[in-house]
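Welcome, and please open the structure in your viewer. We will take a short walk through it, one selection after another.

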Amino acid sequence: MTFTVDGSGLQDAERGAADVDYADLDRATYDAALIENRAVFHGWPDAGISGLTESSAHPSLVLGQEVNAYPHSVAKATDVLRQAGIEGPYSLAISPDGYTRIMESTERGGYTLQQHLSRIIGGDIVWAPGLDGAVLVSKRGGDFVLDVGQDLSIGYIRHDAELVTLYLEESFSFRVNEPDAVVVL
């Protein structure tokens, strides 16, 4: 992931400036996080990574676009995990659009949809860029492993009179130890 920084901005930062424009660095770090999320959720065959959505031992359930149906679908997914011997609490990771729909919705009786879903799963609802749809996962530990070899690092490529071109890199792997611990919605 390459990005550029204004050379004079770096000099200003060395002198203590707090207003250096790091917009391209922000874009590059967001892109790197998105790649990692996509690998965890949907796999990355070229890297030998099988993601959560392709590793689940359970048939996918329909979440749909209508938020009024979310509690039924999430409760059904929770039941699938329990019947497989996977106890809670659980987390619901959901695409940004689905997350926004949840946060904007209230149900009859005044409870927010977020509160209702959190009670069903006994855990968190997580905004997950890079995820298409949603997954319900166990939070008990040990079911999924993300190994980060080299954390996000910055390297130098080149510079000219105005711009410094740098790159970000990291190494990681992901594996699903227990395919029964995830339901795709």
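## First stop: a serine in a helix

Start by selecting Ser 73, which counts as buried because its relative accessibility is 8%, under the 20% limit for that class. The residue sits in helix 4, which covers residues 70–83. Now show the side chain of Ser 73: one of its polar atoms lies 2.8 Å from the backbone oxygen of Val 62. Which residues does Ser 73 contact, leaving aside neighbours within four places in sequence? Select Leu 61, Val 62, Leu 63 and Leu 185 to see them.

## A word on confidence

Before going further, keep in mind that this is a predicted model. Try colouring it by pLDDT: the average for the protein is 93, and 98% of the residues score at least 70. Confidence is lowest in helix 1 (residues 7–14), with a mean of 87, and highest in strand 7 (residues 182–184), at 98.

## Second stop: the four-stranded sheet

Next, select strands 3, 2, 4 and 7, which in that order form an open sheet with mixed pairing. Look at its edges: strand 3 (125–127) and strand 7 each pair on one side only. Neighbouring strands in this sheet are turned by 20° against each other on average, direction ignored.

Zoom in on strand 4 (residues 134–138) and strand 7, which run antiparallel and are joined by three bridges. One pair to pick out is Val 137 with its bridge partner in strand 7, Val 182. Now bring helix 4 back into view: this helix packs on the sheet, touching strand 2 (90–94), strand 4 and strand 7. The direction of helix 4 makes about 130° with that of strand 2.

## Third stop: the hairpin

Select strand 5 (residues 144–159) together with strand 6 (residues 163–176). These two pair in the antiparallel sense over twelve bridges, and a hairpin of three residues joins them. To follow the pairing, find Val 145 opposite Arg 175 in strand 6, then His 159 opposite Val 164 in strand 6.

Strand 6 has another partner to show: strand 1 pairs with it in the antiparallel sense over five bridges. There, Thr 4 has Thr 165 of strand 6 as its bridge partner.

## Fourth stop: helix 2

Now select helix 2, residues 23–42. Why does its length make sense? At 1.5 Å a residue, its 20 residues should span 28 Å, and its end C-alpha atoms are indeed 28 Å apart, so the two agree.

Highlight the buried residues of helix 2: Leu 25, Ala 28, Ala 32, Glu 36, Ala 39, Val 40, Phe 41 and His 42. As you look along them, remember that an α-helix has 3.6 residues a turn, so residues three or four places apart point the same way. What covers these buried residues? The cover includes strand 1 (2–6), helix 3 (52–55), strand 2, strand 4, strand 5 and strand 6. Just after helix 2 comes Gly 43, with a positive phi near 85°.

## Last stop: helix 3

Finish by selecting Ser 55, which has its place in helix 3. Is Ser 55 buried or exposed? Its relative accessible area is 17%, so Ser 55 is buried. Not counting residues up to four places away in sequence, Ser 55 touches Ser 50, Val 176 and Pro 179.

Conventions
Residues are numbered from 1 along each chain as its sequence is written. This is a predicted model: local features need pLDDT of at least 70, side-chain atom pairs count only at pLDDT 80 or more; totals for chains, interfaces and linings use all residues. Side-chain values use heavy atoms; hydrogens and water are left out. Buried means under 20% relative accessible area, exposed over 50%, partly exposed in between (1.4 Å probe, protein chains only). A polar contact is a pair of N or O atoms within 3.5 Å; within protein, one must be able to donate a hydrogen and the other to accept it, and residues adjacent in sequence count only if both atoms are side-chain atoms. Contact means heavy atoms within 4.5 Å. pLDDT is the predictor's confidence in each residue, from 0 to 100. Two strands pair if DSSP finds at least two bridges between them. Axes are lines fitted to C-alpha atoms, for helices over the stretch in contact, and angles run from 0 to 180 degrees between N-to-C directions. The expected span of a helix is 1.5 Å times one less than its number of residues.
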